[in-house]
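Biologist: Could you take a close look at one part of this chain with me, and then place that part within the whole? I would enjoy a connected account rather than a list.

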Amino acid sequence: MYIIVGLGNPGMQYAGTRHNVGFSVIDRLSDEYRISVDTRKHKALIGKGVIGGQKVILAKPMTYMNLSGESVRELIEYYKISQEELIIIYDDISLDVGKLRIRAKGSAGGHNGIKSIISCLGCDVFGRIRVGIGEKPPRMDLADYVLGHFPSEELPVIRETVGRAGQAAETFLTEGIQAAMNRFNGC
């Protein structure tokens, strides 16, 4: 079994923001594979289903971004999966809008949700699908940027990217992380 976690913040005021792109990918996977992500458990909204022949749990932590690790730790401990069976999908300001980067491990790179997960798990070895949201403009507060919405000209790009991130997750599940990296990194 795999657990796929999309990072974001709960609440309507955060829907569609750059920081919630992980939630958007989970919503896309939920729609595509008819997995209802509506059960409140482990400080998250979760749904169980099958993607590409693999049993999965889709999860959207309801802890707010900076405490995402609390939910992820509960999920891993309850379902007794290894960190290698965990995929975290989240926004990345160091990647151009629409770019994807897949990794099996690494630092938090300044992302507070990933910092929380690394801290709560005590390791940095877990699959990541990073979705580029672009660099913040000079003199703009980082929180204002990531909690802001995509401008209308970027919406078609980000919608397409959310779809590719979902495809990358499926490739990860069915063919392994190396195949997902080869196919989607830099796209």
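Is Leu 7 buried or exposed?

Modeller: Happy to take you through it, with the reminder that this is a predicted model. Leu 7 is buried, because its relative accessible area is 0%, and the cut-off for buried is under 20%. Leu 7 sits in the loop that links β1 (2-6) to α1. For a sense of its position in space, take Ala 104: the two residues are 97 apart along the chain, and their C-alpha atoms are separated by 17 Å.

The loop between β1 and α1 also holds Gly 16. Gly 16 has a relative accessible area of 39%, so Gly 16 counts as partly exposed, whereas Leu 7 is buried. If residues up to four places away in sequence are not counted, Gly 16 touches His 149 and Phe 150. Tyr 78 gives another distance to work with: Gly 16 and Tyr 78 are 62 residues apart in sequence, with 30 Å between their C-alpha atoms.

Let us follow the chain onward from that loop. Helix α1 covers residues 21-33, and Arg 34 is found in the loop between α1 and β2 (39-41). Arg 34 has a positive phi of about 50 degrees, although Arg 34 is not a glycine. Arg 34 is exposed, because its relative accessible area is 77%. From Arg 34 to Arg 130 the separation is 24 Å between C-alpha atoms, and 96 residues along the chain.

A second residue with a positive phi is His 42, which is not a glycine either; its phi is near 60 degrees. His 42 belongs to the loop between β2 and β3 (44-51). Here the surroundings contrast with those of Arg 34: His 42 has 11% relative accessibility and therefore counts as buried, while Arg 34 is exposed.

Next comes the largest pocket, which may be the part you want to open in your viewer. The volume of the largest pocket is about 430 Å³. The lining of this pocket is made of 23 residues, and those nearest its centre are His 19, Asp 91, Gly 110, His 111 and Asn 112. Two or more lining residues come from each of these elements: β5 (86-92), β6 (100-105), β7 (125-132) and α4 (142-146). By residue class, the lining divides into nine polar, eight nonpolar and six charged residues.

Asn 112 deserves a closer look, as one of the residues nearest the pocket centre. Asn 112 is in helix α3, which spans residues 112-121. With 36% relative accessibility, Asn 112 counts as partly exposed, because the value falls between the cut-offs for buried and exposed. Setting aside neighbours within four places in sequence, Asn 112 is in contact with Met 65 and Asn 66. Leu 67 is 45 residues from Asn 112 in sequence, and the C-alpha atoms of Asn 112 and Leu 67 are 8.2 Å apart in space.

Further along, helix α5 (residues 155-175) contains Thr 161. Thr 161 is buried, because its relative accessible area is 0%. Apart from residues up to four places away in sequence, Thr 161 touches Gly 98, Lys 99, Leu 100 and Val 131. Among these contacts, Leu 100 falls within β6 (100-105) and Val 131 within β7 (125-132).

Now for the whole chain. It has six helices and seven strands. Read from the N terminus on, the order of elements is β-α-β-β-β-α-β-β-α-β-α-α-α. Among contacts with a separation of 6 or more, 68% are between residues 24 or more positions apart. Of the 187 residues, 51% are buried, Leu 7, His 42 and Thr 161 among them.

The overall dimensions complete the picture. Along the principal axes, the C-alpha atoms fill a box of roughly 45 × 30 × 30 Å. The radius of gyration of the chain is 15 Å, which agrees with a compact globule, because a globule of 187 residues would have a value near 16 Å. The accessible surface comes to about 8,700 Å², and carbon and sulfur atoms account for 49% of that surface.

How values were computed
Residues numbered from 1 in each chain as written. Predicted model: local features only at pLDDT ≥ 70, side-chain atom pairs only at ≥ 80, totals over all residues. Heavy atoms only, no water. 1 Å grid on protein atoms, 1.4 Å probe; cavity = no way out; pocket = protein on both sides within 12 Å on 5 of 7 lines; lining within 4 Å. Points joined across faces, edges and corners; volume = space filled by probe spheres on them. Helix = DSSP H or I, 4+ residues; strand = E, 2+ residues; numbered from the N terminus. Nonpolar A, V, L, I, M, F, W, Y, C, P; charged D, E, K, R; others polar. Rg over C-alpha atoms; globule rule 2.2 N^0.38 Å. Buried < 20%, exposed > 50% of the residue type's maximum accessible area, 1.4 Å probe, protein only. Contact = heavy atoms within 4.5 Å. Areas by Shrake-Rupley, 256 points an atom, 1.4 Å probe, with all protein chains shown as cover.
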